[in-house]
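Could you walk me through this protein chain in plain language? I am new to reading structures and would like a short briefing, grouped by topic.

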Amino acid sequence: MKIIDAQVIVTNPGRNFVTLKITTDEGITGLGDATLNGRELSVVSYLRDHVVPLLLGTDPHRIEDTWQYLYRGAYWRRGPVTMAAIAAVDVALWDIKAKVAGLPLYQLLGGASRDRVRTYGHANGATVPELFDSVRARLAEGYQAVRIQTGVPGLKTVYGVHQGTAIAEADGVAGAPRLDQHATPLVEDWDTRAYLRHMPTVFEAVRNEFGPELPLLHDAHHRLTPIEAARLGKSLEPYDLFWLEDCTPAENQDGLRLVREHTTTPLAIGEVFNTVFDYQTLVADQLIDYVRSAVTHFGGVSPLRKLFDFAAQHQIKSAIHGPEDISPVGMAAAIHLDLAIHNFGIQEYSGYTARTHEVFQHAFTFEDGHLHPGEAPGIGVELDEEMAAGHPYEQAYLPVNRLQDGTIHDW
Ligand code: GCO
Ligand code: MG
């Protein structure tokens with residue numbers, strides 16, 4: 001079998017998504033997600049201008065060899081643009097291989113290790129009463145674990161969450177996704193001391209309202225230094241968090257050691273990482289509890305599977321990044337992997353707009369707070385190209401963040 005065509009399709013059914021579609025001489029097609037939120041067109045060019053010409057005429061069954069060829073052959077390794085492009089190829093080739101086998105992808109990854117995939121959803125509120133309403137909405141949708149993000153008194157914005165207009169036609173499968181993309185970057189404001197004072201009061205209120213059982217998560221969105229993160233983890237211990245996510249900018253892997261030495265709050269990190277090298281110290285020295293990388297930004301199913309196997313040796317679990325800026329193609333690939341691996345932890349899922357469900361028809365289902373990849377051969381997603389063309393690319397940026405004196409800070 002040979003690859004005879006590879007197209008990069010950009011569509012915006014509520015936000016920008018980049019999809020690679022590979023076609024073989026036997027008419028079998030495979031899809032891969034290459035969406036890099038806020039920098040989408042850089043991956044489009046990487047694929048169209050540099051990767052597609054290398055794929056034409058090659059054997060789609062040689063997934064590992066193609067991966068190594070694109071990774072090592074470029075000479076310039078790693079980085080989000082490169083790894084998102086390679087991820088799209090990897091997933092599209094797995095999709096083709098599983099379609100040829102007539103099996104859903106999870107069967108090729110060893111078969112199901114569980115019946116369904118537990119998810120968590122997002123609850124956001126500027127105030128505590130608004131937050132409670134949002135938690136109730138997630139519970140009504142079936143979620144059995146909830147991420148808690150709130151406003152901080154004195155600050156204008158609810159940090160690190162998707163701001164903007166709720167999409168009116170969102171079908172509510174898992175909450176109304178909010179756009180975090182703006183034509184020019186929205187500027188948020190930040191005060192670490194106010195945040196550190198406020199968060200324990202929020203979690204105390206949530207525990208008092210919703211009881212001790214509900215798994216609660218929190219994302220600090222890289223905004224703290226190691227000593228600040230250590231203090232936050234310690235102050236949240238009474239509220240039994242499922243995890244504290246991205247508490248520091250973890251390019252400084254060793255910084256997590258300081259956090260770890262001071263708190264038993266479980267730590268999750270890695271949505272902006274793109275290779276195993278970003279995790280070496282964190283995993284080998286057991287400085288974290290959950291690895292957060294997405295199939296889409298980590299070079300695909302092949303390397304993420306290897307990371308999970310490495311993490312398993314240190315009792316670290318998976319927690320694949322899955323906000324609405326991962327397309328349904330990337331999400332489907334994640335759900336197959338979640339079902340197959342042994343050290344599964346949880347899957348993030350915040351639903352999609354109704355338009356996105358129409359453009360990306362998918363076999364995966366969401367019920368009672370759990371996902372299942374479905375039994376369609378491959379990853380189980382088909383892209384309606386005509387409909388996709390009706391929702392063209394729109395320039396969009398993520399927010400940026402400044403301290404109150406105007407200094408740019410992490411978002
Ligand atoms: C999460 C993430 C997202 C990011 C977004 C950026 O944990 O879901 O932090 O909310 O902000 O993916 O593109
Ligand atoms: Mg996050």
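Here is a friendly tour, going from the overall layout down to single residues.

Please keep in mind that this is a predicted model. The chain is divided into two domains, domain 1 (3-104) and domain 2 (117-374). Along the way we will visit strands, helices and one loop residue.

**How the domains meet**

- Taken over C-alpha atoms, the centres of domain 1 and domain 2 are separated by 26 Å.
- Domain 1 gives 26 residues to the contact, and domain 2 gives 28 residues.
- On the domain 1 side, strand 2 (17-24), strand 3 (29-33), helix 2 (63-73) and helix 3 (80-101) each supply at least two residues.
- Helix 3 provides the largest share of that side of domain 1, with 8 residues.

**A hairpin in domain 1**

- Strand 2 and strand 3 run antiparallel and are joined by 5 bridges.
- To find one matching pair, look for Ile22, which stands opposite Gly30 in strand 3.
- The hairpin has 4 residues between its two strands, and Gly27 there takes a positive phi near 85°.
- Strand 3 is mostly covered, with 4 of its 5 residues buried.

**Helix 2, a helix with two faces**

- Which residues of helix 2 are buried? They are Ile63, Thr66, Trp67 and Leu70.
- These residues cover an arc of only 100° around the axis, so they sit on the same side of helix 2.
- The face of helix 2 turned away from that buried side carries the exposed residues Glu64, Asp65, Arg72 and Gly73.
- Helix 1 (40-55), helix 3 and helix 10 (301-312) are among the elements that cover the buried residues of helix 2.
- Just after helix 2 comes Tyr75, with a positive phi of about 70°.

**Helix 5, another helix with two faces**

- Helix 5 (residues 128-140) has 13 residues and reaches 18 Å from its first C-alpha to its last, which is close to the 18 Å expected at 1.5 Å a residue.
- Leu131, Ser134, Val135 and Arg138 are buried in helix 5.
- Looking down the axis of helix 5, you would see its buried residues fall within an arc of 100°, so they line one face of the helix.
- Turned away from the buried side of helix 5 is a face with the exposed residues Pro129, Asp133 and Ala140.
- What do the buried residues of helix 5 pack against? Their partners are strand 4 (117-125), strand 5 and helix 6 (192-210).
- Gly142 follows helix 5 and has a positive phi, near 110°.

**Strand 7 and its neighbours**

- Strand 7 (residues 216-219) is covered on both faces. Leu216 and His218 are buried on one side, and Leu217 and Asp219 are buried on the other.
- Strand 5 (residues 146-150) runs parallel to strand 7, and 2 bridges join them. Val146 has Leu216 in strand 7 as its bridge partner.
- Strand 8 (residues 243-245) also runs parallel to strand 7, and 3 bridges join these two. Here His218 stands opposite Leu244 in strand 8.
- Together, strand 7, helix 7 (residues 226-236) and strand 8 make a right-handed β-α-β unit.

**A three-stranded sheet**

- As a general point, strands of a sheet pair through backbone hydrogen bonds, either parallel or antiparallel.
- One open sheet has 3 strands in the order 6-17-18, and its pairing is mixed.
- Strand 6 (187-190) and strand 18 (408-409) stand at the edges, each with a single partner strand, so one side of each is left without a neighbour in the sheet.
- Strand 17 (residues 400-403) pairs with strand 18 in the antiparallel sense over 2 bridges.
- Within this pairing, Asn401 stands opposite His409 in strand 18.

**A loop residue to look up: Tyr393**

- Where does Tyr393 lie? You will find Tyr393 in the loop between helix 13 (385-389) and strand 17.
- Tyr393 counts as partly exposed because it has 14 C-beta neighbours inside 10 Å.
- Tyr393 and Leu41 are 352 residues apart in sequence, yet they are 9.2 Å apart in space, C-alpha to C-alpha.
- Leaving aside neighbours within four places in sequence, Tyr393 is in contact with Val10, Asn12 and Asn16.

Conventions
Residues are numbered from 1 along each chain as its sequence is written. Chains are lettered from A and ligands numbered from 1 in the order in which they are written. This is a predicted model: local features need pLDDT of at least 70, side-chain atom pairs count only at pLDDT 80 or more; totals for chains, interfaces and linings use all residues. A residue is buried if 20 or more other C-beta atoms lie within 10 Å of its own, exposed if 12 or fewer, and partly exposed in between; C-beta atoms are placed from the backbone. Two strands pair if DSSP finds at least two bridges between them. A crossover is right-handed if, with the strands pointing away from the viewer, the path from the first strand over the helix to the second runs clockwise. The expected span of a helix is 1.5 Å times one less than its number of residues. The arc is that of the directions from the helix axis to the C-beta atoms. Two residues are in contact if their C-beta atoms, placed from the backbone, lie within 7 Å. Domain bounds come from an automatic or database domain assignment.
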